[in-house]
Amino acid sequence: MNKRFFGFLIIALAFFSSDLEAQSQRTLTLEESIEIAKQNSPLARAATFELVSAKWRYKSFRADLLPSLDLDGDIPSYSRAITANRLDDGSTTYQEESQSQSSVNLSINQNIMPTGGRLSLSSGINRLILFDGGINGENIYRWQSTPLVATYFQPLFQFNSLKWRNKIEPLRYQIAQKQYVEDMEDLAFNVTQSFFDFLLAKINVEVAEFNVTVNDSIYNISQGRYQVGSIAENDLLQSELALRNAETSLTTANLNFQRAEENFKALLGIPDETEVEVIIPEEAPNLNIDVDKALELARENNSTSLEFELSEIQANQSYDQARKEAGFSASLQASYGLNQTAEDFSDVYSDPQNRQFFTVGFQIPIFNWGKNTAEIQAARNQQAATANTIAYQKLQFDLSVRSTVREFSQLRSQVELAETSDVIADRRYEVAKNRYLIGKIDVTNLFIAQNEKDSARRSYIQALRNYWTGYYNLRRLTLYNFEQGRPIVLNTDI
């Protein structure tokens with residue numbers, strides 16, 4: 001029985017260890033790396049928090065457009081003091097007074113966006129207690145009620161901040177939504193760069209290891225040929241130098257690989273103990289992208305266009321504010337309601353009396369040493385400066401999109417040429433190595449072929465890197481998936 005249990009335990013541990021090993025090793029394509037980064041990367045989480053923050057700011061603005069219900073009041077306050085009272089005969093007497101006062105008020109407030117006014121409906125009650133204020137020293141109670149009071153406050157000829165916010169805040173939220181999508185595409189762009197940096201570092205290690213092995217064999221062969229006198233000492237020394245250089249390159253390549261691997265894992269949010277392998281993309285899709293179409297998509301989808309619009313609105317807002325604050329301003333406030341007082345709480349709402357209030361206030365700037373004129377002129381010129389800056393930035397944005405599309409159209413052909421060169425250089429090296437082994441060429445020509453092989457391999461990976469970074473850069477500018485032929489939109493779950 002114990003043997004059976006022991007055997008079962010060994011099998012279970014074997015399966016568990018194999019599962020752990022599978023979890024600690026990952027082989028990733030470029031597309032898989034991007035998806036993992038969008039789920040796990042700290043940059044992706046930061047972009048999500050930025051969007052959520054913008055969402056709540058927009059909700060806060062929307063709440064300002066809706067009625068608010070407020071409750072305010074004073075908890076029972078107590079005061080005791082000696083006060084002066086003037087009698088009917090003109091004399092003054094001093095009397096000690098003790099009293100307590102409390103109140104509560106409930107109000108509904110609504111901002112009026114088109115006019116900048118505010119409408120309020122309120123109801124409240126107040127209680128006053130005079131301690132020992134009665135004839136026989138008993139406490140006196142006074143109640144005051146306002147069952148309903150309607151109040152309207154209207155600024156006249158003043159800056160309407162709520163009206164401008166209604167233009168700005170929705171636009172800011174749209175920008176935040178598009179910027180989140182752009183941040184995800186920017187992350188894809190950065191992952192692509194890191195992916196190929198890691199891939200190139202890996203290939204450099206493989207090339208360096210191969211070169212150490214080959215140069216060690218060449219050095220051993222050169223030693224034998226030198227001993228029999230078929231090559232000069234210079235060729236032997238050149239072979240040994242090539243071996244030492246290859247060993248140095250391997251050490252450097254391992255360090256660069258470790259750094260590139262750590263950066264890649266950190267960007268994707270992968271634990272450092274996980275071993276990662278990356279796969280070279282099999283092909284570069286042949287995408288025919290029209291320059292004018294890409295420019296139209298960029299203008300329509302990129303947040304930059306909305307930011308241009310936001311800058312124009314904010315400049316207009318500043319000018320309107322400076323102009324309104326420099327001129328004549330007034331405010332109107334009117335209220336109507338009911339109120340009543342009583343000594344007994346049961347009577348405080350009986351037969352309420354009318355209550356009216358009306359006031360008009362105004363402010364006219366007369367002389368302030370030209371400050372208002374200066375503020376208006378500054379805002380007007382800033383408005384003009386913003387308009388010209390935006391016009392230039394729009395031109396630069398269009399040029400950037402056009403240039404990116406034109407460059408991308410050449411990248412696939414460069415990948416094909418680099419792939420062909422890689423195959424040719426690899427074949428040439430094999431031929432040169434075989435010819436060296438039979439003594440048809442010297443070691444110098446062999447090393448030339450070896451260097452060309454290594455360079456062609458790196459150039460091919462670099463061409464792939466340029467293609468895929470160019471592709472994701474184009475996606476970032478246009479927010480359009482050219483492979484699937486659809487816009488890149490915000491995930492509605494956020």
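This is a short talk on the strands, the helix contacts and the confidence of one chain.

Hi everyone, thanks for coming. What you see on the screen is a predicted model, so let me begin with how far we can trust the coordinates.

The mean pLDDT of the chain is 85, and 90% of its residues reach 70 or more. Where is confidence lowest, and where is it highest? The low end is helix α1, residues 2-23, with a mean of 43, and the high end is helix α3, residues 42-64, at 94. Over residues 1-22 the pLDDT is below 50, and that stretch has 0 contacts in the model beyond near neighbours in sequence. As a general rule, coordinates predicted with low pLDDT should not be read in detail. I will leave that part of the chain there.

Now to the strands. Strand β2 covers residues 68-86 and strand β3 covers residues 92-112; they run antiparallel and are joined by 17 bridges. If you want to find the register on your own screen, look for G73, which stands opposite V104 in β3. Another pair to look for is S79, whose bridge partner in β3 is Q99. The hairpin of β2 and β3 has 5 residues between the strands, and there G90 takes a positive phi near 95°.

Moving along the chain, β3 also pairs with strand β4, residues 117-131, in the antiparallel sense over 15 bridges. Here Q101 has L128 of β4 as its bridge partner. And which residue takes a positive phi in the hairpin of β3 and β4? That is G116, with a phi near 80°, in a hairpin that has 4 residues between the strands.

Next, the helices, starting with α4, residues 161-228. Its axis comes within 12 Å of the axis of helix α8, residues 371-437, and the two cross at roughly 20°. Because that angle is under 35 degrees, α4 counts as roughly parallel to α8. The crossing of α4 past α8 is left-handed. On the α4 side the contact is made by F210, V214, I218, I221, S222 and R225, and on the α8 side by Y429, Y436 and L437. By class, the contact of α4 with α8 has 7 nonpolar, 1 polar and 1 charged residues.

α4 also meets helix α9, residues 443-478: their axes come within 9 Å and cross at roughly 170°. An angle over 145 degrees is read as roughly antiparallel, so that is how α4 lies to α9. What is the make-up of this contact by class? For α4 with α9, there are 16 nonpolar, 9 polar and 11 charged residues.

Last one: helix α5, residues 233-268. The axes of α5 and α9 come within 10 Å and cross at roughly 25°, which means that α5 is roughly parallel to α9. The contact involves D235, Q238, S239 and A242 of α5, together with V443, T444 and F447 of α9. Those residues divide into 3 nonpolar, 3 polar and 1 charged.

To recap, α9 is roughly antiparallel to α4 and roughly parallel to α5, while β3 pairs with β2 and with β4. Thanks for listening!

Methods
Residues numbered from 1 in each chain as written. Predicted model: local features only at pLDDT ≥ 70, side-chain atom pairs only at ≥ 80, totals over all residues. Heavy atoms only, no water. Axes fitted to C-alpha atoms, helices over the stretch in contact; angles between N-to-C directions. Parallel < 35°, antiparallel > 145°, perpendicular 65-115°, else oblique. Left-handed = near helix turned anticlockwise from the far one by under 90°. Contact = heavy atoms within 4.5 Å. Nonpolar A, V, L, I, M, F, W, Y, C, P; charged D, E, K, R; others polar. Pairing = 2+ DSSP bridges. pLDDT = per-residue confidence, 0-100.
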